[in-house]
Amino acid sequence: MIECWRWFGPDDPVSLQDIRQTGATGIVTALHEVPNGVVWPEAEIAARREMIEAAGLTWEVTESIPVHEDIKLGAHGWQKLAENWAESARALARQGIKTICYNFMPVLDWTRTDLDHELADGATALRFEFAAYAAFDLFLLKRGGAEAGYSEEDIRQAKAWLEAHTPEDHEQLVRNIIAGLPGSEESYTLEGFRAVLQRYEGIDREALFQNLSNFLEYVVPAAEEAGIALALHPDDPPRSLFGLPRIVGSLNDLKHIAAVSSSKAHGFTLCAGSLGVHPDNDLLEIINALGKRIYFTHLRAVKREADPRNFFEDHHLGGDIDMVAIVRALRNLERQSDRELPMRPDHGHRMLNDLSQTSTPGYPAIGRLRGLAELRGLTRAIDVLDEAKSAGQKRGSV
Ligand code: DNO
């Protein structure tokens with residue numbers, strides 16, 4: 001696996017020089033400063049690539065070229081935006097960056113309610129608490145018709161959450177949900193959020209799937225011609241939020257989407273943490289089903305709580321995820337397809353010095369370094385064991 005590290009560009013508090021010391025060799029980044037929908041200027045891509053190379057690193061993966069809301073909505077003019085998306089992809093390919101991660105989540109990218117959930121060891125983690133999410137939806141956002149999506153008990157718990165927290169906590173919750181976590185392409189005010197939700201009225205799962213298919217029909221041929229691997233990221237969390245459809249969350253979803261095109265350019269990001277939130281998702285089955293269409297991986301573990309709609313991000317080898325089995329399956333995949341898979345330790349706890357520094361939610365230096373180091377050790381151990389096993393089998397067969 002190619003060890004990579006997400007870098008948010010020159011303003012990221014974790015510098016390229018810091019990243020060099022983690023032992024990662026690949027960078028995962030984007031031109032976050034270019035507005036959504038606009039073609040990425042090739043000169044700026046080249047300058048960013050040179051900056052990365054000057055630090056002794058390689059720009060391996062683009063995460064993400066944002067997909068404009070009008071494409072997801074199939075709104076008037078979406079074709080022009082899809083053409084711009086393809087044009088950015090071509091410019092990246094000309095600069096040698098040929099793996100592109102993207103997502104198709106309506107309105108919001110990844111969503112958490114708590115960015116500093118204190119763990120027993122004093123580090124903090126990202127968390128999703130259903131009662132807080134419902135409190136936001138019902139009482140802070142006051143989304144029309146929201147009650148219909150909740151049981152009486154859910155509403156009671158949401159009220160209790162609201163009453164147990166201060167107005168400052170409520171404001172913080174609003175920011176956590178709609179102000180845009182790192183890497184999210186959009187941020188909203190409450191009013192703007194209500195307005196964009198309204199645009200999705202009438203767009204159900206089927207309609208959203210159709211819009212994804214239309215988008216793929218447009219960009220996959222361009223990607224194939226340029227030798228690009230597109231890597232669709234699953235929804236995080238993999239379930240509907242605010243009545244919006246989400247269509248990239250289960251084995252069935254992924255199979256359905258894979259069937260849209262048999263082109264090699266059409267592939268996936270295996271995000272263990274996002275898919276792992278849903279108790280029905282068997283990550284090994286998903287890896288088997290997607291097989292050689294997996295072009296990128298985010299390794300991270302999640303732990304579901306007593307209410308299984310709640311989860312927090314556990315340390316990378318913990319949680320409800322069998323990381324040993326996942327890494328082994330991915331290593332097998334690499335051997336079969338004879339290519340290295342870019343991976344990044346996804347997120348990390350705020351720990352040690354991270355706690356006294358402003359750090360980007362989910363992306364502190366030391367927590368991710370812990371994750372990377374553990375995953376690196378795990379990968380080596382698996383390789384050594386598997387090599388010994390196959391050498392033993394060979395000896396046995398002569
Ligand atoms: C969060 C990330 C997301 C993801 C995008 C991919 O940490 O996993 O920002 O990168 O959704 O397009």
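## Exercises around a ligand and its neighbours

A polar side-chain atom of His 347 lies 2.4 Å from an oxygen atom of the ligand. The model is predicted, so local features need pLDDT of at least 70 and side-chain atom pairs count only at pLDDT 80 or more, while totals for chains, interfaces and linings use all residues. Residues are numbered from 1 along each chain as its sequence is written, and side-chain values use heavy atoms, with hydrogens and water left out.

**Exercise 1.** Find which residues place a polar side-chain atom by a ligand oxygen, and work out how much of the ligand the protein buries.

*Solution.*
- Step 1: Start at Ser 64, where a polar side-chain atom lies 2.5 Å from an oxygen atom of the ligand.
- Step 2: Add His 233, with a polar side-chain atom 3.3 Å from a ligand oxygen.
- Step 3: Taken alone, the ligand exposes 320 Å², and the protein buries 100% of that (areas come from the Shrake-Rupley method with a 1.4 Å probe).
- Step 4: The space that the ligand takes is the largest cavity. A cavity here is a set of points on a 1 Å grid over the protein atoms alone, where a 1.4 Å probe fits but cannot get out; a molecule sits in it if more than half of its atoms lie within 2 Å of its grid points.

**Exercise 2.** Describe the shell of residues around the ligand, then look at His 347.

*Solution.*
- Step 1: The ligand is surrounded by 15 residues, where a residue counts if one of its heavy atoms lies within 4 Å. The closest are Glu 63, Ser 64, Asp 109, His 347 and Tyr 363.
- Step 2: Strand S4 (residues 99–103) gives the largest share of this shell, three residues. Helices (H or I, at least four residues) and strands (E, at least two) are DSSP runs numbered from the N terminus.
- Step 3: His 347 sits in the loop between S12 and helix H14 (365–397). It counts as buried because its relative accessible area is 3%; buried means under 20%, exposed over 50%, and partly exposed in between (1.4 Å probe, protein chains only).
- Step 4: The side chain of His 347 also makes a polar contact with the side chain of Arg 300, at 3.5 Å. Such a contact is a pair of N or O atoms within 3.5 Å; within protein, one must be able to donate a hydrogen and the other to accept it, and residues adjacent in sequence count only if both atoms are side-chain atoms.

**Exercise 3.** Trace the salt bridge of Arg 344 with Glu 63, and then the network that includes both residues.

*Solution.*
- Step 1: Recall the chemistry: side chains of opposite charge can pair when their charged atoms come close. A salt bridge is a side-chain nitrogen of Lys or Arg within 4 Å of a carboxyl oxygen of Asp or Glu.
- Step 2: Arg 344 and Glu 63 meet in such a bridge, at 2.9 Å from N to O. They come from distant parts of the chain, 281 residues apart: Arg 344 in strand S12 (residues 342–345) and Glu 63 in strand S3 (residues 58–63).
- Step 3: Check the burial of both partners. Arg 344 is buried, at 1%, and Glu 63 is buried too, at 4% relative accessibility.
- Step 4: Now widen the view. Arg 6, Glu 63, Arg 112, Asp 236, Arg 300, Glu 313, Arg 344 and Asp 346 form a network of salt bridges. The whole structure holds 32 salt bridges.

**Exercise 4.** Find where in the backbone the peptide bonds into Ser 64 and Pro 237 lie, and whether they are cis or trans.

*Solution.*
- Step 1: From Glu 63 to Ser 64 the peptide bond is cis, with omega near -10 degrees. Ser 64 lies in the loop between S3 and helix H3 (69–73).
- Step 2: The bond from Asp 236 to Pro 237 is also cis, with omega near -5 degrees. Pro 237 is in the loop between strand S7 (229–233) and helix H10 (251–258).

**Exercise 5.** Decide for Val 107 and for Lys 142, two residues with positive phi, whether the residue is buried or exposed.

*Solution.*
- Step 1: Val 107 is not a glycine, yet has a positive phi of about 65 degrees. Its place is the loop between S4 and strand S5 (114–118), and at 4% relative accessibility it counts as buried.
- Step 2: Lys 142, not a glycine either, has a positive phi of about 55 degrees. It is found in the loop between helix H5 (130–140) and H6. With a relative accessible area of 58%, Lys 142 is exposed.

Definitions and conventions:
On a 1 Å grid over the protein atoms alone, a cavity is a set of points where a 1.4 Å probe fits but cannot get out, and a pocket is an open set with protein on both sides within 12 Å along at least five of seven lines; lining residues have an atom within 4 Å of a point.
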